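Please walk me through this structure by question and answer. Keep it brisk.

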Amino acid sequence: MVFTASALLGAQAALADETVDPFALTPEQLFSAEVISVSRSAESVWESPAAVFVITAADMERAGVTSIPEALRLAPGVQVARINTSGWAISVRGFNSALANKLLVLVDGRETYDPLFSGVYWDVQDTALEDIDRIEIVRGPGASLWGANAVNGVINIITRRAEDTQGWLASVVSGNAEEAGVTLRYGAGGDAATQWRVFGRAYERGAGETPSGGDDNSDWRAWRGGFRVDSEMSADDRLTVQGDIYQSETGQLRLVSSLTAPFTALERETIEAEGANLLVRWTHETDNDGVLTVQSYLDLTARDQRTLSDRRTTFDLDVQYDFPSLGSHEIIAGVRYRYSSDDITPTEIIRSETTTHRSELLSAFVQDQITLAPAWRLTVGSKFDQNDYTGFEVQPNARLQWSGERQMAWASVSRALRSPSELDREFDILLAAGPPFPMSTLPLTIELLPSPEFESEEVLTYELGYRRQITRALAMDVALFHSEYDGLATLTPLAPQLGSDPPRFILIPIVTTNDTRGEANGGEVVLDWRLNESLGLSFAYSSLDISLDGPPGAINAELAEGQSPANQANLRLQWDATDRLAVDAAVYYVDELPALAIESYVRADLRIGYRLTDRLQLDVIGQNVFDDWHREFTAPGDANAAAIGRSVFGRLTWRP
Amino acid sequence: MRCLSALAALAIVAVSAVGDACAQQTSVRLAEQDIKAGLLYNFLRYTEWPQPTASGAAMVVCIYGRDPFSGRLASMSGRTVNQRTIEVRVLREAAQANACSLLFVSADERSNWPRLRSQLGERGVLTVSDYDGFARSGGMIEFTRINNRIGVRVNIEAAEAANLSVQDRLLRLARVVRTAP
């Protein structure tokens, strides 16, 4: 895809054999030299007319993160709020929630969002972090290429090709919160046309505390195994086959409602999730320099918890063709088919008329990048979707870019949609139940009813961006946006009625309507300062102002205004003190969340890495070191309110 | 699990010690930009130009478009090859390309390549790029990457048309391609 891009500001080849002068080598030596991978498309971020940020493998290692959600804290414009040990609320440019639905997350081209609620289960998005090449975060709509749900952003997690993960790697982690973690990988194939790797990973993370000192029940055990095969079948054909199998078990405290006394009870809810996926991607270069990519995957997921039991099968087929250059036009077009089917066992809390839901999505996109003049380029494109709920949808986009010497500027306008989820359209959810009113003998329930009238949420976003390599050492990236939202999901209560099932009860029905509109304004600034070979400093600041307007009486209309921080900033220092000793420090500031009564907080992380031998690395990592605990996304009154505490752990990594 | 963690850590330390003892470095490991920069230097060394141009003894290496070498070519400036001093230039205008001995066309300028190619005509400018299809579209040398090695495709016809002769030492290591009709 066009916006895959990498290593925004200055690719670094820190691992290279610094002592070798490439100009002193013979052609034979150079052709047999092994390429140390810096990011594969190190140049393309600079060229992308979009707000792109890349978290490299080195960034993740240096930040000492042990999970994908935690890595995302490094990026500007991304809201990462940890709910408890295994749960996160993550969004880009606002509208954050545990069920955030305006963000698209892909792992090597596989979509991770669940059509049930159009969001991501972060507790099962994992891989061997050492095998991740980079995480690319595109802020703003990416819908014209990636389709629905890429409303406010796209996160692309890209793992390394098998050729870059040869040999053994082992790492172990142990500490107070990261109780134990083991990752093992082996890759082989050498110089042959086909290379492969396999990995296995398991961890155990301890439960946190509630602010009152109790156990929050979110202890977490998970394992995962996977493989990847990359084959250079001919000079023009490449094949990738990869797959994953995993299991995760965690828990949370939950206020469970029922129609009989005592109506609500605080229970431990165990969440068991498992799944497997298999992806095949074939890339063929045609004789006239076009590139044909065919990708298909099968994804099986299962999730069992007190409130929900879901089995899902997703099949996806994607065909893309990058046309050979036609004069000043670079055209890409593609078609895609997705079939998804689930089987949901009804519970007291969640039920629908049918237990099986099948959905089909057919979509196509076309994009043309036109060189208007040597420095000017215009990209226009659109995605066309045909889905079962809202029919035919168009999501167009236009981007203009100007490239100067060591600087570039861009402007864009795009329309994107969040199509209804199964939860919006087909499910009946018991939100709360209570004892009878004094004048009645019937219990009271509040239920979210299926809303077949609910249509897609819509956004129109205008963006401006500017990048500049100010000096050799200092680079800057600025993006500004203005988004206009319409038809946002609104929980609208209807008149109370008498519930029909025995036992009889008074029902306050709520339906989901498209009655909220509003706007968001903001921007992000990134500064990257590489003082010298061994010292780097980076700064990111994000600003966000959401203002929404819903009908009076609606429950959640303006809630999103206070669920994402208005200001966020981070400052990171990377210092290679000696050949063997590296020190990293990072400070994160996150503004208050008024809707959840969460105060602003400062988080400080520290890593000291020591290379014991050329192949063995020891890290001591402290996260949230100056703070006993803070809350990131749960209100003090929440039954499952969890405190995010200090985490200190050691990590031993062996790369023979 | 804690126990497992400790055991695994011990195993890693033990195996690592053995591994270190019998490890040996086989080939050089370099950043892709360094390998390509080194190869550019060798292209100058193993290509024969018809006659030293009017600009005298200097071998002018030009980059057209965004510099994919992250500035590494600068250190080639001032070196000599076949008794001629190398001078590295970043081109602002395609019109200046005629004065180059070697012209590197950045992938982001690929849409300008057909125009540039006809502008250069039969002038002795060795053209190099790293985007796929460059050699087949009349470019002379194209970097490729197969697995974790850098290779080249050479379009001998295109070089000969410009009176350049690429020596066998390079050709032996290259894949020869022709201009696509």
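The turns below cover strands, single residues, a cavity and one whole chain.

Reader: What kind of model is this, and how are its parts numbered?

Author: This is a predicted model: local features need pLDDT of at least 70, side-chain atom pairs count only at pLDDT 80 or more, and totals for chains, interfaces and linings use all residues. Side-chain values use heavy atoms, with hydrogens and water left out, chains are lettered from A and ligands numbered from 1 in the order in which they are written, and residues are numbered from 1 along each chain as its sequence is written.

Reader: Which strands are at the edges of the open sheet of 5 strands in chain A?

Author: Strands here are DSSP runs of E of at least two residues, and helices are runs of H or I of at least four, numbered from the N terminus. Two strands pair if DSSP finds at least two bridges between them. The open sheet in chain A has mixed pairing and runs in the order E2-E7-E8-E5-E6. An edge strand pairs on one side only, and in chain A these are E2 (51-56) and E6 (110-111).

Reader: What is the bridge partner of A:Val54 in E7(A)?

Author: E2(A) pairs with E7(A), residues 132-139. The sense is antiparallel, over 6 bridges. In E7(A), the partner of A:Val54 is A:Glu136.

Reader: How many residues does the hairpin between E9(A) and E10(A) pass through?

Author: E9 (residues 167-175) and E10 (residues 178-188) of chain A pair in the antiparallel sense over 7 bridges. Across that pairing, A:Val173 stands opposite A:Gly181. The hairpin joins E9(A) to E10(A) through 2 residues.

Reader: Which residue in E36(A) stands opposite A:Ser171?

Author: E9(A) also pairs with E36(A), residues 647-654. This pairing is antiparallel and has 6 bridges. Opposite A:Ser171 in E36(A) stands A:Thr653.

Reader: Is A:Ser309 buried or exposed?

Author: A:Ser309 is found in E16(A), residues 308-322. Buried means under 20% relative accessible area, exposed over 50%, and partly exposed in between, with a 1.4 Å probe and protein chains only. A:Ser309 has 15% relative accessibility, so A:Ser309 counts as buried.

Reader: Which side chain makes a polar contact with the side chain of A:Ser309?

Author: A contact means heavy atoms within 4.5 Å. Leaving aside neighbours within four places in sequence, A:Ser309 is in contact with A:Arg303, A:Asp304, A:Asp343, A:Ile344 and A:Thr345. A polar contact is a pair of N or O atoms within 3.5 Å; within protein, one must be able to donate a hydrogen and the other to accept it, and residues adjacent in sequence count only if both atoms are side-chain atoms. At 2.7 Å, the side chain in polar contact with that of A:Ser309 belongs to A:Asp304.

Reader: Which backbone oxygen does the side chain of A:Thr347 reach?

Author: A:Thr347 lies in the loop between E17 (329-345) and E18 (350-352) of chain A. Its relative accessible area is 18%, so A:Thr347 is buried. Beyond four places in sequence, A:Thr347 is in contact with A:Arg306, A:Thr307 and A:Leu308. At 3.1 Å, its side chain reaches the backbone oxygen of A:Thr307.

Reader: Is A:Ser118 buried or exposed?

Author: A:Ser118 is found in the loop between E6 and E7 of chain A. Its phi is near 60 degrees, a positive value in a residue other than glycine. A:Ser118 has 2% relative accessibility, so A:Ser118 counts as buried.

Reader: What is the relative accessibility of B:Asn82?

Author: B:Asn82 lies in the loop between E4 (80-81) and E5 (84-91) of chain B. B:Asn82 is not a glycine, yet has a positive phi of about 45 degrees. B:Asn82 counts as partly exposed because its relative accessibility is 44%.

Reader: Which strand supplies the largest share of the lining of the largest cavity?

Author: The lining has 23 residues, and those nearest the cavity centre are A:Thr112, A:Tyr113, A:Asp114, A:Asp299 and A:Thr301. E6, E14 (264-285), E15 (291-305) and E16 of chain A each supply at least two lining residues. The largest share, 5 residues, comes from E15(A).

Reader: What percentage of the residues in chain B is buried?

Author: Chain B has 5 helices and 11 strands. Of its contacts with a separation of 6 or more, 59% join residues 24 or more positions apart. Among the 181 residues of chain B, the buried share is 49%.

Key:
On a 1 Å grid over the protein atoms alone, a cavity is a set of points where a 1.4 Å probe fits but cannot get out, and a pocket is an open set with protein on both sides within 12 Å along at least five of seven lines; lining residues have an atom within 4 Å of a point.
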